[in-house]
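Reader: I should like to discuss the internal spaces and helix packing of this model. Please take the questions in turn.

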Amino acid sequence: MEGGAGAPGGESTLSRTRLFCFPHAGVGAAAFRGWFEAAAGSFVVSRVQLPGRENRFREPNAISISELVGPLAEALRPVLDERFVFFGHSLGATIAFEVARELRRTGGPLPAALFVAGRQAPQLPWRHPPIRHLDDMRLLHAVQDRYGSVPAVMLEDAELREVLTPTLRADLALVETYAYAAESPFDFPIAAFGGLSDAMVSKDDVDAWRAQTTGAFRTRMCQGGHLFVADQRDVLLQEMHDVVGGSATT
């Protein structure tokens, strides 16, 4: 986990709320570069680093979400001593959701709110053909067609593909093999965000997150495709600020 120090004394409770950010498939905590500075005055941002990438590159990738969330929840516990919220993008949304459920199952502290983006509600079945078993080039082209998230240099550089494709493939396996188990909904607010041009996640998919809370819920559709989060960062941070500040509506 990467992040900054807590806010200095004298600032509002909201400004001392820690925002844990869970990245989308194939990338690491660097996906949220700049969020700490952008959220100053609203949140203290901590970027969650999953195994198999960046400074955890030598660690094996997780083979299932159920395998991942226990150790992740345990690793987060020591820094959950103040008010906090979770934000996850795409695969990161499912991981954030399941980490919150793991904390609840084990009697840990719970987030004040859950924010999810670019991901269908967890109770919905995955309806897309699997691609994790494709060879590297076919896999990358399939990911590009679906998500628009493969840098051109990765398609052109064989050495880079050899380094990065295994993590992307492992993350796609997490998506495609995720098995939702019904549990009671949360009672804290959930806000779900989608991209208006996202070919993988519809507004109905986003709205379906409503079933996961008995508390306040809101949906916000933003300009952009599956990777809208990068361009809409300030919009998302303002929405999160509004929810945590108590202005969420059902």
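The exchange below treats pockets, cavities and helix contacts in turn.

Reader: What is the volume of the largest pocket of this model?

Author: The structure is a predicted model, and its values are computed. Gly26, Val27, Pro151, Met154 and Leu164 lie nearest the centre of the largest pocket. The volume of this pocket is about 340 Å³.

Reader: Which helix gives the largest share of the lining of the largest pocket?

Author: The lining of the largest pocket holds 19 residues. By class, 11 of them are nonpolar, six polar and two charged. Four residues come from one helix, spanning residues 158-177, and this largest share belongs to H6.

Reader: How much space lies in the second largest pocket?

Author: The lining of the second largest pocket has 10 nonpolar, two polar and two charged residues. The space in the second largest pocket is about 210 Å³.

Reader: Which residues that line the second largest pocket are the closest to its centre?

Author: The second largest pocket has a volume of about 210 Å³. Of the 14 residues in its lining, the closest to the centre are Pro51, Arg56, Leu68, Pro71 and Leu72.

Reader: What is the volume of the largest cavity?

Author: Two cavities of 30 Å³ or more are present in the structure. The largest cavity is lined by 18 residues, and Ala25, Ser90, Tyr147, Leu172 and His226 lie nearest its centre. The volume of the largest cavity is about 150 Å³.

Reader: Which helix gives the most to the lining of the largest cavity?

Author: The lining of the largest cavity divides into 11 nonpolar, six polar and one charged residue. The helix that gives the most, with three residues, is H6.

Reader: Which residues line the second largest cavity?

Author: The second largest cavity holds about 40 Å³ of space. Its lining divides into five nonpolar, no polar and two charged residues. The lining residues are Leu50, Pro51, Arg53, Ala62, Leu68, Asp171 and Leu174.

Reader: How are H4 and H6 oriented to each other, and why?

Author: The axes of H4 and H6 come within 11 Å and cross at roughly 60°. H4 passes H6 in a left-handed crossing. Angles of 65 to 115 degrees count as roughly perpendicular and those under 35 degrees as roughly parallel, with over 145 kept for roughly antiparallel. The orientation of H4 and H6 is therefore oblique.

Reader: Which residues of H6 are met by H4?

Author: On the H4 side, the contact is formed by Asp136, Met137, Leu139, Leu140, Val143, Arg146 and Tyr147. The residues of the contact of H4 with H6 divide into seven nonpolar, one polar and five charged. The residues met in H6 are Arg161, Thr165, Leu168, Arg169, Leu172 and Glu176.

Reader: What is the handedness of the crossing of H2 and H3?

Author: H2 covers residues 65-76 and H3 covers residues 91-105. The axes of H2 and H3 come within 9 Å and cross at roughly 65°. The crossing is right-handed.

Reader: Which residues of H3 are met by H2?

Author: From H2, the contact draws on Ile65, Leu68, Val69, Gly70, Leu72, Ala73 and Leu76. The contact of H2 with H3 has 10 nonpolar, two polar and two charged residues. The residues met in H3 are Leu91, Thr94, Ile95, Glu98, Val99, Glu102 and Leu103.

Notes: Residues are numbered from 1 along each chain as its sequence is written. This is a predicted model: local features need pLDDT of at least 70, side-chain atom pairs count only at pLDDT 80 or more; totals for chains, interfaces and linings use all residues. Side-chain values use heavy atoms; hydrogens and water are left out. On a 1 Å grid over the protein atoms alone, a cavity is a set of points where a 1.4 Å probe fits but cannot get out, and a pocket is an open set with protein on both sides within 12 Å along at least five of seven lines; lining residues have an atom within 4 Å of a point. Grid points are joined across faces, edges and corners, and a volume is the space filled by probe spheres set on the points. Helices (H or I, at least four residues) and strands (E, at least two) are DSSP runs, numbered from the N terminus. Ala, Val, Leu, Ile, Met, Phe, Trp, Tyr, Cys and Pro count as nonpolar, Asp, Glu, Lys and Arg as charged, and the others, Gly among them, as polar. Axes are lines fitted to C-alpha atoms, for helices over the stretch in contact, and angles run from 0 to 180 degrees between N-to-C directions. A crossing is left-handed if the near helix is turned anticlockwise from the far one by less than a right angle, and right-handed if clockwise. Contact means heavy atoms within 4.5 Å.
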